[in-house]
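Thanks for sharing this one. Here are some notes to read alongside the model, point by point.

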Amino acid sequence: MIQNIAPHHYDNAYHPRPPKAGDRVFFYQDTIPLLSRATGLPFTWEEAQALADLSALPLTYLFAIDQTAFHWCHVVPQAVADAACPVKDRGFYNTAPGWLAFACITASQLHGWYHDHQFCGRCGAMAQQDTVERAMRCPSCGNLVYPTISPAVIVGVTHGNRLLLTKYAGGSFRNYALIAGFAEIGEPLEDTVRREVMEEVGLPVKNIRFYKSQPWSFSSSLLSGFYCDLDTDDETVTLQEDELGEGTWFDRANLPQGGSVISLTYEMIERFRQGPV
C-alpha cells in the first residue's frame with residue numbers, strides 16, 4: 001500500500017527547521033502540485049535555489065522521510081513555474097520511487113488543509129500557522145484548528161467463497177472496488193460497515209472483523225478495512241444507483257484482475273483471492 005515505504009521512515013512530528021541540501025520543496029498553483037519537469041519529482045532544495053532565490057520567501061515545514069525534510073514554498077517564482085509540470089488528480093500513482101510518491105500525496109493533503117483554513121471558521125479573521133504545533137491559530141479569538149482527517153471504511157462482504165465487488169456509477173475510476181463510505185458523527189466503525197452495506201447494496205451483514213488501516217490522502221481519509229459475512233442466504237443486490245453502477249458476486253477463483261497496488265482495496269481483494277479471511 002502507499003504508506004509501505006520501508007526501509008524508509010516517515011516522521012510526521014512537527015519540528016520545523018530551515019531547508020538544507022538534499023531536502024525537497026513543493027510548489028503549488030492553487031492546489032495543483034508542480035513537479036520538476038526534468039525529473040518528474042519534487043524539486044530538491046538545490047534545484048529550486050538554482051532557479052530562484054527562495055531565502056526570502058515564506059516556507060512551511062511539512063514532514064521528513066529519513067534525513068530528507070519536505071517543505072512548501074508559498075510563492076512560485078516564474079523561473080520555477082517555467083521548469084515545472086502540473087500533476088492533477090491522482091497522477092502520483094505511478095511516481096517512482098514509492099516513498100517519494102507517498103511524500104507527494106501526503107504533502108498535497110497538508111497543502112490542501114492549509115489552503116482551506118486561511119481564515120478562522122469561528123470569527124472570520126485571518127488565521128496564522130502555529131509555531132509549536134501543526135495547527136492554524138486565530139490571533140483574534142484564539143480558535144485552534146488541526147489537520148482534518150475523515151474516518152472511512154472499506155468493506156469486503158463475503159458469502160462462503162464469494163466476494164461482493166462494485167463499480168461506481170460515475171467518475172473516472174472504472175475498476176471493481178469494495179463497498180466504501182465515511183463514518184458519521186457518533187457512529188462506531190462497525191455500525192458504519194452495517195449502514196454502508198445496507199445503503200449501497202441492500203444486504204445485512206454479520207461477523208464484522210477488522211483487517212487493516214490505511215491513510216488515504218487523496219480524500220484526507222483514514223481508511224479502516226473490514227471483512228464481514230452476508231447475514232442471509234439471499235445474495236440479491238439492491239443498488240444505491242446514485243452511487244453504484246454495478247454490484248456483482250465473484251467466486252474466489254474468478255475474481256477480476258487489476259487495480260492499484262498502492263490501495264487497501266486491492267490488497268483486500270488479493271487477500272481474499274488467496275483463501276479464507
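1. A word on terms before the first residue: helices here are DSSP runs of H or I with at least four residues, numbered from the N terminus. With that in hand, H111 can be placed in helix α3, which covers residues 98-116. Please keep in mind that this is a predicted model.

2. Is H111 buried or exposed? Its relative accessibility is 4%, and the cut-off for buried is under 20%, so H111 counts as buried. Setting aside neighbours within four places in sequence, the residues in contact with H111 are Y28, D30, T31 and W72.

3. Y28 also turns up in an aromatic cluster, together with Y10, F26, F63, F70 and F102. Two of these names are worth holding on to: Y28 is one of the contacts of H111, and F102 is one of the residues that line the largest cavity.

4. On to that cavity. How many cavities of 30 Å³ or more does a search of the whole structure find? The search finds one. The largest cavity holds about 40 Å³ of space, and its lining is made up of I2, F102, I105, T106, P215, W216 and S217. Two elements, α3 and β14, each give two or more residues to this lining. Helix α3 gives the most, with three residues. By class, five of the lining residues are nonpolar and two are polar, with no charged residues.

5. Aromatic pairs deserve a look of their own: the whole structure has 12 of them. In one, Y211 and Y227, the ring centres are 5.6 Å apart and the planes lie at 70 degrees, so the pair is edge-to-face. This pair links distant parts of the chain, with Y211 in strand β14 (residues 205-216) and Y227 in strand β15 (residues 221-230), 16 residues apart. How does the burial of the two rings compare? Y211 is partly exposed, at a relative accessible area of 25%, whereas Y227 is buried, at 3%.

6. W216 and F218 make another edge-to-face pair, with 4.8 Å from centre to centre and 65 degrees between the planes. W216 has a relative accessible area of 9%, which means that this residue is buried. F218, at 25%, is partly exposed. W216 may be familiar from point 4, as it is among the residues lining the largest cavity.

7. Two charged side chains also sit over rings. Which ring lies under the charged end of K167? It is the ring of Y176, whose centre is 4.5 Å away. In the other case, R252 lies over the face of F272, at 4.1 Å from the ring centre.

8. Finally, the overall picture. The protein chain has five helices and 16 strands, and its C-alpha trace spans about 65 × 45 × 35 Å along the principal axes. Of the 277 residues in the chain, 42% are buried. Taking the contacts between residues at least 6 apart in sequence, 63% join residues at least 24 apart.

Note on methods: Residues are numbered from 1 along each chain as its sequence is written. This is a predicted model: local features need pLDDT of at least 70, side-chain atom pairs count only at pLDDT 80 or more; totals for chains, interfaces and linings use all residues. Side-chain values use heavy atoms; hydrogens and water are left out. Rings of Phe, Tyr and Trp (its six-membered ring) pair if their centres lie within 6.5 Å; planes under 30 degrees apart count as stacked, over 60 as edge-to-face and the rest as tilted. Buried means under 20% relative accessible area, exposed over 50%, partly exposed in between (1.4 Å probe, protein chains only). A charge sits over a ring if NZ of Lys or CZ of Arg is within 6 Å of the ring centre and within 35 degrees of the ring normal. Contact means heavy atoms within 4.5 Å. On a 1 Å grid over the protein atoms alone, a cavity is a set of points where a 1.4 Å probe fits but cannot get out, and a pocket is an open set with protein on both sides within 12 Å along at least five of seven lines; lining residues have an atom within 4 Å of a point. Grid points are joined across faces, edges and corners, and a volume is the space filled by probe spheres set on the points. Ala, Val, Leu, Ile, Met, Phe, Trp, Tyr, Cys and Pro count as nonpolar, Asp, Glu, Lys and Arg as charged, and the others, Gly among them, as polar.
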